[in-house]
Structures are given as C-alpha cells and as structure tokens.
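This report concerns a strand and its neighbours, followed by the salt bridges. Please consult the sequence and the structure shown below while reading.

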Amino acid sequence: QVQLVESGGGLVQPGGSLRLSCAASGRLSEANAMAWSRQAPGKARELVASIISSGNTNYLESVKGRFIISRDNARNTLYLQMNSLKPEDTGVYYCNVHGTSRPWQGSYWGQGTQVTVSS
C-alpha cells in the first residue's frame, strides 16, 4: 500500500513563503497525475495545482504566479512552492496522486499539513 506524507506547513506572515513536500512510498514516475488541494475551515476542498506525467501544470486562478508545483522523481517527492502568501491561502494542504497501474491503482491522499498565513 503506497503512502503519501506531507510536510513543510506552518505559520507564516502575509507576503512570506513556504515550500510543502509530499514524500511518496512508491515511484512517482509511475503516476498519471499529482496535485495539491487545500481546505479552509468551513469550506469545500479545492484543487490548487496539478501536474501530469508529461510535466504540464495547471493552477487555481488565485494562486497563478505565486505557487509552483514540481516533482522530483528520483526522490519520489512532490513539492509546492508558495510565495507571496495571503491570509486566504490558509488551510490544510493535501497532496494527491492518481494512477492506473501499479503501484498507483486509484487515487491516494496524504494526511494533510496545516498552512496558516497571519500577522
């Protein structure tokens, strides 16, 4: 059973930066797509950024130009570089990996890491 473990969250002031990491127990090179989502208190989970096997990326409109999703297949790690953070970026951030062949047969989620943007 593959697992995902996020890290890198914390408390940061508006305008600051954080880099989230998602360590995978399986080879990311075998996945079809990877993504970061977030959930703020009282709100639905929303997709923040995604990257597919070809390397193409997509971003939530409100984070374009501020966030960068990337992956390191050698380290089996997914990243989310977050710059110019705003209070509305606060939430629990989850990584997600989807695949159709081993070891990723379906959609997998990490446990989440809290990001709080506040002065």
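In this predicted model, S37 stands opposite Y94, a residue of strand β9. Strand β9 covers residues 91–101 and runs antiparallel to β4, the two being joined by seven bridges.

Strand β4 itself comprises residues 33–39. Five of its seven residues are buried, and the strand is therefore described as mostly covered. Besides β9, strand β4 also pairs with β5, which spans residues 46–52. These two strands run antiparallel and are joined by six bridges. Within this pairing, A33 has I52 of β5 as its bridge partner. The hairpin formed by β4 and β5 has six residues between the strands. In that hairpin, G42 takes a positive phi near 75°.

**Salt bridges**

How many salt bridges does a search of the whole structure find? The search finds six. Three of them are set out below, with the distance given from N to O.

| Salt bridge | N to O distance |
|---|---|
| R38 and D89 | 2.9 Å |
| D72 and R75 | 3.4 Å |
| R27 and E30 | 3.6 Å |

The salt bridge between R38 and D89 has its closest N and O atoms 2.9 Å apart. This pair links distant parts of the chain, since R38 lies in strand β4 and D89 in the loop between β8 (77–82) and β9, 51 residues apart. Are R38 and D89 buried or exposed? R38 has a relative accessible area of 5% and is buried, because the cut-off for that class is under 20%. D89 counts as buried at 1% relative accessibility.

The salt bridge of R27 and E30 is formed by their side chains. R27 counts as exposed because its relative accessibility of 52% is over the 50% limit. E30, at 28% relative accessibility, counts as partly exposed.

In the salt bridge of D72 with R75, the closest N and O atoms are 3.4 Å apart. D72 is partly exposed, having a relative accessible area of 23%. For R75 the relative accessible area is 60%, and this residue is exposed. Elsewhere, R38, E46, R66 and D89 are joined into one network by salt bridges that share partners.

R38 thus connects the two topics of this report: the residue belongs to strand β4, and the salt-bridge network includes R38.

Methods:
Residues are numbered from 1 along each chain as its sequence is written. This is a predicted model: local features need pLDDT of at least 70, side-chain atom pairs count only at pLDDT 80 or more; totals for chains, interfaces and linings use all residues. Side-chain values use heavy atoms; hydrogens and water are left out. Buried means under 20% relative accessible area, exposed over 50%, partly exposed in between (1.4 Å probe, protein chains only). Helices (H or I, at least four residues) and strands (E, at least two) are DSSP runs, numbered from the N terminus. Two strands pair if DSSP finds at least two bridges between them. A salt bridge is a side-chain nitrogen of Lys or Arg within 4 Å of a carboxyl oxygen of Asp or Glu.
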